[in-house]
Amino acid sequence: MIFEILITLVILLFTLYFYATFIPSLRTYFMVNKIHGPKGLPILGSALDINKLKYNEILEYFRSQTRKYPRVTLIWLLGVPMVFLDEPEDVAEVLGNVSNLDKGVEYIAIQPWLKEGLLLSTGEKWHSRRKLLTPTFHFRLLEENLQSMERHAQHLVNKLCSLGDKTIDIRDYIILCTLDVMCDTAMGIELGALDNPSLKYVKCVKSVGEVTIYRMQNLYLHRDWLFSLTSLGKQFKKDLAELHDFTTKIIRERKSERRNKVNKEENNQNDDFKPRKRKAFLDLLLEMDIEHKLTEADIREEVDTFLFEGHDTTAAAITFAIYLLGLHQDVQDKLIEEIDSIIPDKNEPITRQHLNDMKYMDQVVKESLRVYPSVPYISRLFTHDIKLKGGIVIPAGANVGVLPYIMHRKPEIYPEPEKFDPERFSPENISSRHPYAYIPFSAGPRNCIGQKFALMEIKVVLATLFKSVRVQSLTKREDVTVSPLLVLRSDVPLNIKVTPR
Ligand code: HEM
């Protein structure tokens, strides 16, 4: 009897191990183990150490390990060989490599939400989608979104000004504003999140994001069957259904709007029907649907991807930029001087040319994204071996991580890395640095497709804000700790005061 119980237990444990952890091939195992790193426990690797960490200790943990085991660092985690790189030359080999484009295991947790949208798709699907979607980010189409960005930015500024001299934690205000911008530009709808933060959709976006991060850190929850047994998994399923239903509803409404438009145009050329001038990202996708290039499910995964990738990342960038400018009044003075000289009339709408002319603004945004890169962690699951300089081989089957947050803080590349200094991005200073030493938007074939859109939005919000107000940051820099919660977030309120100029 005892023997039978023991056998059952062994089978149960084995099944659990098989389903809850990963098993590398023997080839991967032996080859990857030539790379140095912390020893860890059998099977678990460093999982217990990592699970003990608070979110805001994770980046520091990886930084200390990459310092202790420099250049290429191996950390085992539940059967996954995680290899970390922090030399720009090695990062260029990895991110620039066209054979290793699959995303790392950490991204599995985002799959239920974004399915096989551009961020997560692989192989031929990714290639053809990337080719199909790239034209939607053509600068001419981006320009059409500028007005909409400025309108939402102005609404944000009015909201902040209406709070008088109250202390404002800007984090949520900016997220709600960028969510409004994304819903407007990606789906062509007015969500009104800034005026109504308790909207169900807004709450679900937040909770799904948070649970996804929890799953990413706790790799044993990566199997859907195990996760769905937990109360967190059940809540996640409900919230996710809400998000997917919302996007599906918008897609169907827009489809029927387009059908009506065609009918109306065919029936009455002189009608007072006014077609929408600006096309949302969704409209462009629906045009591809007519050409049978995309199905409704394809469209939904891309809209969800753009909504997710597009609002939280940009919000983090804007939030930290405002905070840093509020701490560094001299930089703020110089930025305001530039904005005033390029747009002397505050009522003049912002144009792409204005933004192109704002050279100092560009330096400020770049430096802010260096100090606080919105995406602190990028990873790939290797399908092919790579040989780095000096003969180090990273084999297929390794999960390779690149951490912009750590790379951007290497004192050898950026002396006094914690110092906020936009001069680091003056043309002279940039020219002496390796291009892969600065990677807030990743780099290579799988870089951020929305980079130009994001930079435009960040600059529009900053220009609109500093056209009318000055900002003073009240939270001390030494009190700010950050967590890699999919995007980088401050754990503490980022309190500011705004004063009309
Ligand atoms: C400051 C804002 C942003 C930052 C810092 C940022 C950063 C990044 C990074 C680092 C990646 C690579 C991720 C990886 O390989 O794991 C990425 C990919 C991506 N980003 Fe962004 N992003 C920003 C804004 C946006 C916006 C506004 C959009 C859409 C409108 C967008 C859409 C995407 C998509 C679709 C991908 C996947 C591309 C592919 O795999 O081909 N991002 N982004």
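**Exercise 1.** Determine whether Glu416 is buried or exposed, and describe its backbone and its location.

*Solution.* Step 1: the relative accessibility of Glu416 is 56%, so this residue counts as exposed; the classes are buried under 20% relative accessible area, exposed over 50% and partly exposed in between, with a 1.4 Å probe and protein chains only. Step 2: the model is predicted, local features need pLDDT of at least 70, side-chain atom pairs count only at pLDDT 80 or more, and totals for chains, interfaces and linings use all residues. Residues are numbered from 1 along each chain as its sequence is written, and side-chain values use heavy atoms, with hydrogens and water left out. Step 3: Glu416 is not a glycine, yet its phi is positive, at about 45 degrees. Step 4: Glu416 belongs to the loop between helix H18 (404–407) and H19, where helices (H or I, at least four residues) and strands (E, at least two) are DSSP runs numbered from the N terminus.

**Exercise 2.** Characterise Leu78 by its phi, its location and its accessibility.

*Solution.* Step 1: Leu78 has a phi near 50 degrees, a positive value in a residue other than glycine. Step 2: the loop between strand S1 (72–77) and strand S2 (80–85) holds Leu78. Step 3: with a relative accessible area of 9%, Leu78 is buried.

**Exercise 3.** Identify the protein donor of the iron atom of the ligand and describe its surroundings.

*Solution.* Step 1: Cys448 (SG), at 2.3 Å, is the only protein donor of this iron atom. Donors are N, O and S atoms within 2.8 Å of the metal (3.2 Å for Na, K and Ca); water is not among the atoms, so sites may look incomplete. Step 2: Cys448 sits in the loop between helix H19 (427–431) and helix H20 (451–468). Step 3: a relative accessible area of 26% makes Cys448 partly exposed. Step 4: leaving aside residues up to four places away in sequence, Cys448 touches Arg130 and Phe441, contact meaning heavy atoms within 4.5 Å. Step 5: an unreviewed UniProt entry places the feature "binding site" at Cys448; UniProt positions are given in the numbering used here, feature names are shortened, and annotations may be inferred rather than shown by experiment.

**Exercise 4.** Describe the packing of helix H14 against helix H15.

*Solution.* Step 1: the axes of H14 (residues 296–327) and H15 (residues 329–342) come within 5 Å and cross at roughly 110 degrees. Axes are lines fitted to C-alpha atoms, for helices over the stretch in contact, and angles run from 0 to 180 degrees between N-to-C directions. Step 2: H14 and H15 are therefore roughly perpendicular to each other, the term for angles of 65 to 115 degrees. Step 3: H14 contributes Leu325, Gly326 and Leu327 to the contact, and H15 contributes Gln329, Val331, Gln332 and Leu335.

**Exercise 5.** Locate Asn51 and list its contacts.

*Solution.* Step 1: Asn51 is part of helix H3 (residues 47–52). Step 2: Asn51 counts as partly exposed, at 37% relative accessibility. Step 3: Asn51 and Asn218 are 167 residues apart along the chain, and their C-alpha atoms are separated by 7.0 Å. Step 4: not counting residues up to four places away in sequence, Asn51 touches Gln217, Asn218 and Tyr220.

Note on methods: Angles under 35 degrees count as roughly parallel, over 145 as roughly antiparallel, 65 to 115 as roughly perpendicular and the rest as oblique.
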